[in-house]
Structures are given as C-alpha cells and as structure tokens.
Amino acid sequence: LQQSGERKKGPKRRRALDGLGLSTYDKLYSSVAQQVSQLRVILEATEATERERVWLKGQQHGEVDENKLVDGVAGERNIFKRRGNEDPLFGGVQRLPKRLLFLVDLSSSMAQYNNMDRRLDREAATVAMIMESFLHFEHKFDYAVVGHDGETPWLPLVAFGAPPRTREGRAAVVDQMFSNAFSCSSGDNTV
C-alpha cells in the first residue's frame, strides 16, 4: 500500500479491471436475485429476542448448583439450577440492531484462480446478495463487510452504520473488491 492509499497497477492488471461498474453489478445481482428474495423473507420474519437462555437458579429440580452445596447440607431444597428463558423486564422489543461482520478474502489468489473456478465472481455475488438483502433492515441489523489480502488483514468495504444506499454505491463496493484482488501483492496476513 503506497503512502497515498493507492496501489500500483500494471498494464495487465489495468486490462483486468476494464468494464467493471453497474453492468458487472447487475450481472452479479441477477445471479443471486432469487436468493436475495428468499433471504429478505427470512430477515423479515426474524424476531429479535432480548431474552437469552440463562441459568435459572434456586430451582427444585435440575443440576446441582455448586454455589448452594452448603445450603443443601443445611436443608435447603432449592439448590438446583437449570437452563431456561428468563422473563423479560421490558418486553421482547429489540432496542438495538444486531451487528454482523462479514469477512471476505480479497487476496491475489482470488483473482488468479477466478478464471478457473469463478471464486472471486461467487464471492462478489455473495457480497451483492448481502447488501441487497439487508437493504431497508437497518432497524434490525447493522452489518459491515471487511476484506483481507496479502497486504492488510483489515480492508473496510462497508462500515457499520453506513451501508451503501444506492445501486451505484453497492456497485462501487463490488468494484473495490475486484480492484483490490487484481492489484494487491501476494502474501499472507491471516495469522
């Protein structure tokens, strides 16, 4: 990564990047349009639960609570614990959106082997599916998309709280994925 934040691109790399834009994004989107519809139905039906399964203590049956052994010897009967749902204090209303982080591989091997098995195309289509599916669900879900490559373990594509709202913005994310995969140097930052 150079000081200005731009990467060097040779003539071969530049040719590989020609033609990306809305048409590429539209092709990727059309390949996952059915899955986007299915995922949107699932996301619409998800109900956020503020209730998590917890250990209910002071029960008359279940597993013995190690913290109540002395009480059990003294004759206490409610020395057991078991897993269950705790009654919510304020109802089951979701106060904050659930946060999801998607990590994608943008290394040069993704571009190198894309001609053989279309791995970069499939990954870009998956990111397009994520962005399209979560559109208008900001009240339920907050997501970020981050890439890693041979030069950096953390390459933000979509930041929390700032999903691309337009088709052009989503296409720019996909363009950045292709651009990074075709222009990064080889290496490993996964450790």
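The paragraphs below lead through a predicted model of one protein chain, from its overall make-up to selected residues.

Residues are numbered from 1 along each chain as its sequence is written, and side-chain values use heavy atoms, with hydrogens and water left out. Because the model is predicted, local features need pLDDT of at least 70 and side-chain atom pairs count only at pLDDT 80 or more, whereas totals for chains, interfaces and linings use all residues.

The protein chain holds seven helices and six strands, where helices (H or I, at least four residues) and strands (E, at least two) are DSSP runs numbered from the N terminus. Read from the N terminus on, these elements run α-α-β-β-α-β-β-α-α-α-β-β-α. Of the 191 residues in the protein chain, 35% are buried, a class that means under 20% relative accessible area, with exposed meaning over 50% and partly exposed lying in between (1.4 Å probe, protein chains only). The protein chain exposes about 12200 Å², and carbon and sulfur atoms supply 52% of that area; accessible areas come from the Shrake-Rupley method with a 1.4 Å probe, and for residues only the protein chains shown count as cover. Among contacts in the protein chain with a separation of 6 or more, 68% are between residues 24 or more positions apart, a contact being heavy atoms within 4.5 Å.

Turning to the strands, an open sheet of three strands has the order E1-E3-E2, with antiparallel pairing, and two strands are taken to pair if DSSP finds at least two bridges between them. Strand E1 (53–59) and strand E2 (63–64) stand at the edges of this sheet, each with a single partner strand, so one side of each is left without a neighbour in the sheet. E2 is joined by two bridges to strand E3 (residues 80–85), and the two run antiparallel; within E3, Lys 81 stands opposite Glu 63.

Further along the chain, strand E5 (residues 141–148) and strand E6 (residues 155–158) run antiparallel and are joined by three bridges, with a hairpin of six residues leading from E5 to E6. One of the partners across this pairing is Val 158 in E6, which is the bridge partner of Val 145.

Aromatic side chains form another set of relations, and the structure holds four aromatic pairs. Phe 134 and Phe 141 form an edge-to-face pair, at 5.5 Å centre to centre and 80° between the planes, while the rings of Phe 134 and Tyr 143 have their centres 5.3 Å apart and their planes at 40°, so that pair is tilted. For these assignments, rings of Phe, Tyr and Trp (its six-membered ring) pair if their centres lie within 6.5 Å, and planes under 30 degrees apart count as stacked, over 60 as edge-to-face and the rest as tilted. Both Phe 134 and Phe 141 are buried, and Tyr 143 is buried as well. Ring pairs link Phe 102, Phe 134, Phe 141 and Tyr 143 into a cluster.

Leu 100, in strand E4 (residues 98–105), also touches members of this cluster: not counting residues up to four places away in sequence, its contacts are Phe 134, Phe 141, Asp 142, Tyr 143, Ala 144 and Phe 160. The C-alpha atoms of Leu 100 and Phe 141 are separated by 7.3 Å, although the two residues are 41 residues apart along the chain. Leu 100 counts as partly exposed because its relative accessibility is 29%.

Two loop residues have a backbone feature worth following in the model. Arg 118, in the loop between helix H5 (114–117) and helix H6 (119–133), has a positive phi of about 60° although it is not a glycine, and its relative accessibility of 42% makes it partly exposed. His 136 lies in the loop between H6 and E5 and has a positive phi of about 70°, again without being a glycine; with a relative accessible area of 57%, His 136 is exposed.

The path ends at helix H7 (residues 167–183), which contains Arg 170. H7 has 17 residues and reaches 24 Å from its first C-alpha to its last, close to the 24 Å expected at 1.5 Å a residue, the expected span being 1.5 Å times one less than the number of residues. The buried residues of H7 include Ala 171, Val 173, Phe 178 and Asn 180, and Arg 170 too counts as buried because its relative accessibility is 6%. A polar atom of the Arg 170 side chain lies 3.3 Å from the backbone oxygen of Arg 165. Leaving aside neighbours within four places in sequence, Arg 170 is in contact with Tyr 25, Met 131, Glu 132, Leu 135, Pro 164 and Arg 165.

Technical notes. Polar contact = N/O pair within 3.5 Å; in protein donor to acceptor, adjacent residues only side chain to side chain.
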